[in-house]
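Colleague: Before I plan around this model, I'd like to hear the reasoning behind its labels. Could you take me through them?

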Amino acid sequence: MNTKTKWLVGILGFILFIVLFLLILPFMIDFNKFKPQIQNIVAEKLNAKVNYSSARLTIFTGIGIELKDISLENTDEVFMGTELFKVKNIKFKTEFWPLLKGKFIGNIEINNPEINLMRSTGRNNITSLIKKQALKGNNSNKNDEHKTQEENLIDSKTAPNSGNSFADKILIKSFEVKNATFYVYNVSGPREQEIAKIKNMNLIISNIGVGKDTKIDFSTDLDIKDNDYSVKGLVSLNFIINTELEGMEWKNSIFNSKLSFDNLDINYKNAFVKKKSIPFHMNFSGMASPKNVIVDNFKLDLQSLDAKAKVNIFGLDKLNSDIQFSLISQNLSELGEILPQHKDMLINATLDLKSKIAGSLLQPETLDIFLDLKSKLTDSDIHLTFDAKSVKPLLGSLKIQSQNLYLSKIIKPFMSKSSNTPKNEENKITSNSKKEENNESEKNTTSSPGNINNDEFTLTDKEKKLLAGSDFYTEMNIGKLVYDNIIINNFILNSKIKNYNATLNRLSMNLFSGSLLTTANADLGVYPVPYYGNLNLNGVKLEEIFKAIKPESQKSPIEGKADIKMNYSARGLTRPALSKTLNSKGTFLFNDGTINTKNLVSLAGEQFNKFVKNTSLVGLKIDSDSLKKLSLSDDKSTKKSLKNQRGDFEIKDGKFLLRNTVSSEEGILKLHADIGIDESLSGTAIYIASNKVRDNLTSQSKYAKYFLNEKGEFILDLTLDGTITNPEVGIQTSELQKKLVKNASKELTNKLKEEIKKNPEAQKIQEDAKKLLEKNGIDLQKLGF
């Protein structure tokens, strides 16, 4: 055998040896023996339990280790037994020669994992993983934490008893997750609720190491649909970080990042529409160290917006912050493609926003926030300044100034559209709601004042903490404020909240073709909220007020201009609460105006006419045809003049007290009725006809005099029911019947007396009868003699 043949045989033998070695290597190394060590490490450091079915060495798909059926379960008391992570397999591809020395240096691949984020009462299963004692242990071994993975591998050679440590034998150069599915659940309620689901998440961390540009690439495909919005497309994050050490200590990490929404389609109520053709991404870079985290270069790319930010987080134990942010544009018209419903408003529009946050993010009471917003739109402008020296308690001020503010145009595109309800269905709903309100009111009558209505305004515990010790001032001055069909001019608001007390020093505006001025005071710390104040309305059109309160109504019950002044007090803001607690006294003056409801006197006339036609006159010598000619005015006209009408009014326990005497050509109407917040009408009234109406009645029939009283007055006692817009009037027919019979009988008796006086024989018979009756002890007066 020559030398070449020997070399050839040797090489072939070596290759055969390598092949055989690779074939039997997976059976020589038992990685399952490390399973208890891995589980113990996880259990010591985390509130979690890790499990997998098997671990084996792979050769032909790449030298490495493959774990199958891996799962990670939470073991803390809140999320006990819930699964945080599961995956069919994890591959750890390692380099060959370090493997021969018992060290695993390589890459991790995770395919198609499922990650479950669970939230419950302010906690989640991610942050709940870390054990408190593990954190303390980490702090005591700080130097060991800052060792590089390479140094740990070197130290493992000389460290005693380190041969059994699985963690010291691993160095990860890259980490890759493909096609992950991310679920978000809320487990606070009685049953688990899925909030979000994100598919096709991909994460690659490469070039891991100290002094290297470690690259983190994250991307996910979103496909989310809801009634109001849809999001579809790719979101990506590219992050490069370079970490330096100083000895054994972490010195700093320099980072550069780009968050991209370029390939994302977003549609929110057709008000915000971002298409894939529109670039939308953010770039930021900075440095992190044990002392602070600094972002000194931030840029937002979205049409004409110029955004800048500087962030400095220092004192990481308290997260002390110094954050500055600005957003400027000298021409917002380009945003018309993204905000299609605001396109006309954005022509030649500008934006200038500056904000600053300083203080501890973990201690809101020390947080200083300043925000200054200036914007000029086509038909609106605003200058808003928010300055808070503390967030908890709330200390600071809010100021808003504007010449023209078309508020509905700005915010309504982002608001939920109310569904169109058929008219007959709407009536059913209205009827049912009234029944529910009445039932609720009945319940409230028997309940304590603190349980007026479950929908009643009350401060939450968080809001109470926010307002405890607060001192916050609000000032608004708007020349013209427009919301739908409501136009408000010269709007001025001046208010203050101190602790739980809210004071409205001034609210004035030109509204309803007149002016409004009011002050008020409320105690927000009490349930239901008690408040009091005064309200002055000058020259307002009542039909405009009614239309604002009930926009679905076709006609206002009262029209015209009026001056109204009142003081008021109440507890609670809901209708059931106001129907029980609202109290007010005031005055009114109608400069002009009309009542558009049915005329109470005319309605009374209808009832009187029905009575006359249907009354029974048996036993009375009355010509019924002549009596039935009587007709009290039943004018169908719904308009009645209110010009120069003035008076006082009172609202007591939610009822508007009608205690007025109203004079007109028809006579005098003395009202003693109540009007509820639901417009219900109840009570009584007395109608005294004018001389004109009385004379008209007596001219119609000689029997009209039977309905007059001793003073010669025609009076009707009325009962009132229904609603203010559709009143119902009843008359006391029994009283009319008695009056008719009494007066008719009296006249008949007088006529008989006259006839007797004229007939001597009849007189003698009468005298004999009197004597006979008196002799038998019968009282003649009771018999009408």
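Modeller: Gladly! Let's begin with a definition: rings of Phe, Tyr and Trp count as a pair if their centres lie within 6.5 Å. By that rule, the structure holds 12 aromatic pairs. Do keep in mind that this is a predicted model.

Colleague: Why is the pair of Phe-261 and Phe-280 called tilted?

Modeller: The ring centres are 5.1 Å apart, which is within the 6.5 Å cut-off, so the two rings pair. Their planes meet at 35°, and that is neither under 30 degrees, as stacked requires, nor over 60, as edge-to-face requires, so tilted is the word. Phe-261 sits in the loop between β12 and β13, and Phe-280 in the loop between β14 and β15, 19 residues apart. Both of these Phe residues are buried.

Colleague: What makes the pair of Tyr-268 and Phe-414 stacked?

Modeller: Here the angle between the planes is 25°, which falls under 30 degrees, so the pair counts as stacked. The centres are 6.4 Å apart, within the 6.5 Å limit. Tyr-268 belongs to strand β13 and Phe-414 to the loop between α7 and α8, so the pair ties together parts 146 residues apart in sequence.

Colleague: How do you know whether Tyr-268 is buried, exposed or partly exposed?

Modeller: Its relative accessible area is 30%. Buried would need a value under 20% and exposed one over 50%, so Tyr-268 is partly exposed. The same reasoning works for Phe-414, whose 31% also makes it partly exposed.

Colleague: Are there bigger aromatic groupings, and which residues form one aromatic cluster?

Modeller: Phe-608, Phe-611, Phe-707 and Phe-714 do.

Colleague: What makes you say that the charged end of Lys-409 sits over the ring of Tyr-406?

Modeller: That charged end is 4.9 Å from the ring centre, and the limit for the distance is 6 Å. The label also requires a position within 35 degrees of the ring normal.

Colleague: Let's turn to Leu-466. Why is Leu-466 called partly exposed?

Modeller: A relative accessible area of 30% lies between the 20% and 50% limits, so partly exposed fits. Leu-466 is in helix α9, and it touches Val-391, Lys-392, Pro-393 and Leu-394. The C-alpha atoms of Leu-466 and Val-391 are 7.1 Å apart, although 75 residues separate the two along the chain.

Colleague: How do you know that β17 and β18 pair?

Modeller: At least two bridges are required, and these strands have 9, running antiparallel. One example is Lys-310, whose bridge partner in β18 is Gln-324. The hairpin has 5 residues between its strands, and Gly-315 there takes a positive phi near 60°. On to the next partner: 10 bridges join β18 to β19, again antiparallel, and Asp-322 stands opposite Ala-358 in β19.

Colleague: Last one: what puts Leu-542, Ile-545 and Phe-546 on the same side of α10?

Modeller: These three residues of α10 are buried. They cover an arc of only 95° around the axis, which puts them on the same side of the helix. An α-helix has 3.6 residues a turn, so residues three or four places apart point the same way. The cover over the buried residues of α10 includes β27, β28, β29 and β30.

Definitions and conventions: Residues numbered from 1 in each chain as written. Predicted model: local features only at pLDDT ≥ 70, side-chain atom pairs only at ≥ 80, totals over all residues. Heavy atoms only, no water. Phe/Tyr/Trp six-rings, centres within 6.5 Å; stacked < 30°, edge-to-face > 60°. Helix = DSSP H or I, 4+ residues; strand = E, 2+ residues; numbered from the N terminus. Buried < 20%, exposed > 50% of the residue type's maximum accessible area, 1.4 Å probe, protein only. Contact = heavy atoms within 4.5 Å. Arc of directions from axis to C-beta.
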